[in-house]
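I opened this entry to keep track of what I looked up, in the order I looked it up. Pockets come before strands.

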Amino acid sequence: MKPKIIANSKCVIGEGPIWNPLDQMLYWCDIQEAKIYRFNPSTKNHEEFFQRDGYIGGFTIQKNGNLLLFMEHGKIAELHNGKLNYIIKSIPGEENNRFNDVIAAPKGRVLCGTMSINTANCDKNGTLYILETNGSIKPIIENLSISNGMGFNQKENLLYHTDSLDKTIYQYNYSVSDGSISNKTVFAKTNHPESLPDGMTVDSEDNIWSANWDGSSLHKYEPNGEKVLEVNFPVKKVSSLTFGGKNYSDIFVTTATNGNLQEEEGEGAGGVFQITSKTKGKPEYLSNILS
């Protein structure tokens, strides 16, 4: 499982990779530069797909093929033909925050978390929201440091959610019928003094894969929380991952420079890497938010 770089995009904060089953391409964003990129495996080329002023903290793919963008101050908008159609223009209490990681949920909802724009002030002011298909939004977890990677098991009755500064991936019972969560437990806790758990995904066998920011690695956990594999990378800031490709056996991994030189962060930092897994992934859910 040796990582190979497929797109040297030199992102400040490369994040949110999603395999788009509608066009068979990989999409990801640079949060800090507010850019979205895409990679075409058939041509091996990547390109800048969209850019705006501000931030893009994450995005989902809508059932209609558009992208749904989550930005600063609670802004949420659907991207259609290069233009943003706003669903929510602001959320009270998020004036100094931005979205950081989002995931489409079963039935077309979206779970979307926030953190402080000032990364030196991430003192429990983040929130995880649930965005309903009718465009209404409500908080479901408050007092988070950095709301981060999420995923669902195959039965769709468990939600995994990462709080980075807690260095913890939590597990919740999840209700598909109304999107509610309950029974918070610790799934896995990392104890490395310098690294943080970041983005994550769940494969077809319910193993959890977590990116390790400043830890130069991915960690694979079995459903019981036992870490069974560590994949090392030549860069420090491994930020997130997703499964994709025709058989969902390719793992695409985003990384970051955080504004530093590649010489400091490692060769290929800020780019996207690919590894091949014996365990296949599964398609991400599509959002279905009405704009």
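**Second largest pocket**

I began with the second largest pocket and found 15 residues lining it, of which W19, P41, G245, K246 and D250 lie nearest its centre. I note that this is a predicted model. Two elements, strand 4 (35-40) and strand 23 (250-256), each give two or more residues to this lining. I then looked up the space in the second largest pocket, which is about 210 Å³. Sorted by class, the lining of this pocket holds 8 polar, 4 nonpolar and 3 charged residues.

**Largest pocket**

Next I turned to the largest pocket, whose volume is about 310 Å³. I listed 17 lining residues for the largest pocket; M115, T119, I146, L196 and W213 are those nearest its centre. The elements that supply two or more residues to this lining are strand 10 (97-104) and strand 18 (196-202). Which strand gives the largest share of the lining of the largest pocket? I found that strand 18 does, with 3 residues. By class, I noted 9 nonpolar, 5 polar and 3 charged residues in the lining of the largest pocket.

**Strand 4 and its partners**

I went back to strand 4, since I had met it at the second largest pocket. Is strand 4 mostly covered or uncovered? I found it mostly covered, with 5 of its 6 residues buried.

I looked up the pairing on each side by partner. Strand 3 (residues 25-30) runs antiparallel to strand 4, and 5 bridges join them. Within this pairing, L26 has F39 of strand 4 as its bridge partner. The hairpin of strand 3 and strand 4 has 4 residues between the strands, and A34 takes a positive phi near 55° there.

Strand 4 is also joined to strand 5 (residues 45-51), by 6 bridges in the antiparallel sense. Here I noted Y37 opposite E48 of strand 5. Strand 4 and strand 5 form a hairpin as well, with 4 residues between them, and K44 in its turn has a positive phi of about 65°.

**Strands 20 and 21**

My last entry is on another hairpin. How many bridges pair strand 20 (residues 217-221) with strand 21 (residues 227-232)? I counted 5, and the two strands run antiparallel. L218 has V231 in strand 21 as its bridge partner. In this hairpin 5 residues lie between the strands, and G225 takes a positive phi near 95°.

Conventions
Residues are numbered from 1 along each chain as its sequence is written. This is a predicted model: local features need pLDDT of at least 70, side-chain atom pairs count only at pLDDT 80 or more; totals for chains, interfaces and linings use all residues. Side-chain values use heavy atoms; hydrogens and water are left out. On a 1 Å grid over the protein atoms alone, a cavity is a set of points where a 1.4 Å probe fits but cannot get out, and a pocket is an open set with protein on both sides within 12 Å along at least five of seven lines; lining residues have an atom within 4 Å of a point. Grid points are joined across faces, edges and corners, and a volume is the space filled by probe spheres set on the points. Ala, Val, Leu, Ile, Met, Phe, Trp, Tyr, Cys and Pro count as nonpolar, Asp, Glu, Lys and Arg as charged, and the others, Gly among them, as polar. Two strands pair if DSSP finds at least two bridges between them. Buried means under 20% relative accessible area, exposed over 50%, partly exposed in between (1.4 Å probe, protein chains only).
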